[in-house]
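Q: Please take a close look at the aromatic side chains here. What surrounds them, and how do they fit into the rest of the model?

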Amino acid sequence: MARRLPLDYAVLNLGRRPGRTLLAGASSALVAALLVATAAFVRGLDTTFQGAARADTAIVLSSVAERDVVRSTVTAGLGELIAASVRGVATVDGVACVSDEIHMGTNLRLGDDERVRAGFVRGVTDRAFLVHDAVTVTEGRTPRTGEVIVGRLAAEQLGAREEELAVGRTLRFENSAFTIVGRFAAPGTTIEAEIWTPLAPLRGLTKRDDSSATFVKLESPDAIGELALFAKRRLDLELVVIPSAVYYRELSDYFAPIRRLSWALAALIALAALFGGANTLNAAVQDRVRELATLRAIGYGPWALVLSLAEEALVLASAGALVGLVAARLFLAGSSVRIAMSAFQLTLDPPAILVGIAGALALALFGTAPAALRVLKLPVAAALKEN
Amino acid sequence: MTSSNFLRAFLPIAVVGLGLVACSDSKKSASASVELPTSALPENYHLAAEPANARDVLIAKTELKDGEPVVLRGRVQDFVNGMAAFTLTDGALKSCDQEGPMKSCETPWDYCCTDPAELNAASAVIEFRDGEAVRRTDARGFHGLDHLKWVTVKGIAKTDDKGNLTVIADGIYVKP
């Protein structure tokens, strides 16, 4: 069996050039943190849309709205009509799970602050809580006329401080003031960045007698066909039924270029770190060429030296990656990102962490390649004489 | 020759890396040939010959009364997934591949070049029922039934005061 160099040799080598080791370790830490951040961003974006998507829920909106809920207008009372006409609509205590809603982007002002902020307001009835079962009122109560409840990420979406959206504070839109009477959570959905207010008063304020869409929860995903059939029968209403899973997948697809760009930027930076790390290790081999030739001369094979180099790089990368992960945990956990009329939380979960660690270790291994090649081709006799 | 070794070792890695970075969503042009699904509609719905005295959808919608027997002809617009039902559109309406700026449209049966109100006015719903409920099976594939196929349907008309027409079909002839 070929002789192997002890692991101590690789570890001790790291201490011989503390400055260089520190810089290479920092590079690994940065790469790991960057990859974790990218994965957390992309996964956060994905899960936000997946969270709102449910196999047993469908959205009924105007067929001329090109699947845009904000642009859609459907007749007021469509929910009642659906509840009365469609088989398979889910019920809770005899109440049909149909939710007529207005979705609107509007300009808001917080308290006495005259700064205009773009926010997303949803006009709802109590039935919305039957359909959107991810929503939980975490503080206060449900809203009445002149009141709103705000999502957990609404402050982030509005670019405001949390305390500006505390229960008891006011906000203004559509020339009216609203008191915040509650806060809600809807983990892993876009709903968390919204502001909810009762539907009927909002209709009055916005001078419209319709809704944007009706959300329908069904007894099973199979019943979506019954709802689609209703839309076909009522051609006069110009409706289209979209399963919520399809709707949110399409929304998620809309952000695919952003996801690709994020990964491309991370890959470019990782590639720069790869070249830097490879150059450092190559230089280290150059510095130690006589020592390596001596090891060859006393019986260690070229692959033993290569293995030792790889161990050296992996130990350093592991330490750096751990530092990077701690930094990512400290700075990213619980952070949220504002995007268009919504916001989402970064998902710092095991897959994201795995991407960071695996990326840093893979870069370390690839970075060993030039130095390994050099060691494999080392002319022992000449190298022993090298100064 | 440090630099040449360096480059030799690194070139494949760099190429792979850049390939990953440049990776784009290069969707392959999917084959357009889609096989028709098999429909579980009972055979007794099938009409081997076209029934006589068929009416066009546009005319039928103005003439028919609720509960009246009807023979209706037109082109299949769209199906309801998982249900034995489809929308029948008057043959006078041109689909996107026949008229309009989108002759290469991949879904010409959605009549997206036609005004939605005009389309709805020229459309009726055909249903295959088992008792009061529409059968839970796809109609598409029944004796070649597909989008934009010419069909003639025999059944009972159901109308409402909003101008909607539903035909509860008891027979269908699919033009080959």
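**Aromatic rings and their surroundings**

A: A:F255 is buried, at a relative accessible area of 9%; buried means under 20%, exposed over 50% and partly exposed in between, with a 1.4 Å probe and protein chains only. This is a predicted model, in which local features need pLDDT of at least 70 and side-chain atom pairs count only at pLDDT 80 or more, while totals for chains, interfaces and linings use all residues. Residues are numbered from 1 along each chain as its sequence is written, chains are lettered from A and ligands numbered from 1 in the order in which they are written, and side-chain values use heavy atoms, with hydrogens and water left out.

Over all chains there are nine aromatic pairs (rings of Phe, Tyr and Trp, the last by its six-membered ring, with centres within 6.5 Å; planes under 30 degrees apart are stacked, over 60 edge-to-face, the rest tilted). One of them joins A:Y247 and A:Y248: the ring centres lie 5.2 Å apart and the planes stand at 85°, so this pair is edge-to-face. A:Y247 has 10% relative accessibility and is buried. A:Y248 is buried too, at 6%. Another pair is made by A:Y254 and A:F255, with centres 5.3 Å apart and planes at 85°, so it is also edge-to-face. In this second pair A:Y254 is exposed, at 63% relative accessibility, whereas A:F255 is buried.

In chain B, the rings of B:Y45, B:F79, B:F86 and B:F128 form one aromatic cluster. B:F86 and B:F128 also appear in the largest nonpolar core, a set of 26 residues; both are among those with the most contacts inside it, together with B:L72, B:I126, B:L145, B:V151 and B:I172. Such a core is a set of buried Ala, Val, Leu, Ile, Met, Phe, Trp, Tyr and Cys residues joined through side-chain atoms within 4.5 Å. At least two core residues each come from helix 2 (57-63), strand 2 (69-79), strand 3, strand 4 (123-127), strand 7 (150-159) and strand 8 (165-174) of chain B; helices (H or I, at least four residues) and strands (E, at least two) are DSSP runs numbered from the N terminus. Strand 8 of chain B gives the largest share of this core, five residues.

Chain B has one further tyrosine to look at. B:Y111 lies in the loop between strand 3 (85-89) and helix 3 (116-121) of chain B, and its phi is positive, near 50°, although the residue is not glycine. Most residues other than glycine have a negative phi. B:Y111 is buried, at 1% relative accessibility.

Back in chain A, two arginines sit over rings (CZ of Arg, or NZ of Lys, within 6 Å of the ring centre and within 35 degrees of the ring normal). A:R3 lies over the face of A:Y300, 4.3 Å from the ring centre. The charged end of A:R122 is over the ring of A:F215, at 5.5 Å from the centre.

One more aromatic residue, A:F230, belongs to helix 7 of chain A and is buried. Nine of the 10 residues of this helix (residues 224-233) are buried, so the helix is largely enclosed by the rest of the structure. The buried ones include A:E226 and A:K232 as well as A:L227 and A:L229.
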